[in-house]
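Trainee: I am new to this structure. Please take me through one part of it closely, and then through what lies on either side.

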Amino acid sequence: MAKAKRILKWQRDPEGMRLRILEAAKQEFASYGLAGARVDRIAAAAGANKRMLYYHVGNKEDLYLEVLEGAYEKIRAEERTLDLEHLDPPDAIARLVDFTWNYFLRNPEFLALLNTENLAKAKHLKRSTKVKSMHSPFVEMIRTVVTRGVESGDFRAAVDPVQLYISIAALAFFYLSNSATLSVIFGRDLLKKDARDERLEHMIALVLAALTGKSTAVFVRAKMPALMSVEHQVV
């Protein structure tokens with residue numbers, strides 16, 4: 001009877017079951033990578049069984065790709081809420097740096113998934129029919145900000161928006177993905193709140209100095225804290 005009730009519940013809420021499977025799979029792949037992930041553990045964490053899992057999302061590699069696509073979709077969706085179009089160009093770039101840093105802090109599984117897929121030479125991401133289309137509007141959003149900055153005289157040159165975003169992401173990603181070894185090497189806890197705040201301040205100043213041609217000192221402890229919205233702060 002209990003088994004029958006579980007099946008009926010699954011049939012009544014197939015989308016809810018699918019979402020639970022994807023969330024369980026995200027945690028599993030982030031913790032163990034694709035090779036180490038186990039379908040049995042994913043199914044158990046989702047309150048499903050292997051038959052239900054295969055029905056909803058296919059085999060393990062299909063599930064992994066869907067998790068990857070979902071991870072990219074989530075960050076792109078949140079980026080669209082930043083309202084960069086209505087900020088002065090330097091403030092817009094500062095907000096983008098702030099968001100990227102705090103998003104990585106709030107979503108360590110995203111970094112873990114990226115590490116896994118890079119080790120696989122993007123083998124699975126190449127199969128995606130969705131990821132490239134997700135990024136095009138985001139790139140155009142950055143391009144528009146940079147163009148406005150050049151036109152207003154705030155920025156020196158119209159830098160490639162893809163290169164700019166890669167640089168911003170790299171400043172955050174390298175620090176966080178290597179924080180354990182770097183903390184030992186330099187004898188400081190790089191994940192303490194004060195250290196995280198200092199890193200964000202440094203990244204914003206560095207990126208804006210590169211775009212404007214001004215000294216980083218101009219941007220340190222200036223108006224950057226006002227750009228860091230409450231929902232993006234990590235304590």
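Mentor: The expected span of a helix is 1.5 Å times one less than its number of residues. Keep that rule in mind for helix α6, in what is a predicted model. Helix α6 has 18 residues, so it should span 26 Å, and its end C-alpha atoms lie 25 Å apart, which agrees. The helix is also mostly covered, with 17 of its 18 residues buried. Buried here means under 20% relative accessible area.

Now the loop before it. Helix α5 covers residues 60-79 and α6 covers 89-106, and D83 is found in the loop between them. The phi of D83 is near 60°, a positive value in a residue other than glycine. D83 counts as partly exposed because its relative accessibility is 36%, and that class lies between the 20% and 50% cut-offs.

A second positive phi belongs to K121, at about 60°, although K121 is not a glycine. K121 lies in the loop between α7, residues 108-119, and α8. With a relative accessibility of 63%, K121 counts as exposed, since exposed means over 50%.

That loop leads to helix α8, which takes in residues 131-152 and contains T147. T147 has 33% relative accessibility and therefore counts as partly exposed. Between T147 and A157 there are 8.5 Å in space, C-alpha to C-alpha, and the two are 10 residues apart in sequence.

Key:
Residues numbered from 1 in each chain as written. Predicted model: local features only at pLDDT ≥ 70, side-chain atom pairs only at ≥ 80, totals over all residues. Heavy atoms only, no water. Helix = DSSP H or I, 4+ residues; strand = E, 2+ residues; numbered from the N terminus. Buried < 20%, exposed > 50% of the residue type's maximum accessible area, 1.4 Å probe, protein only.
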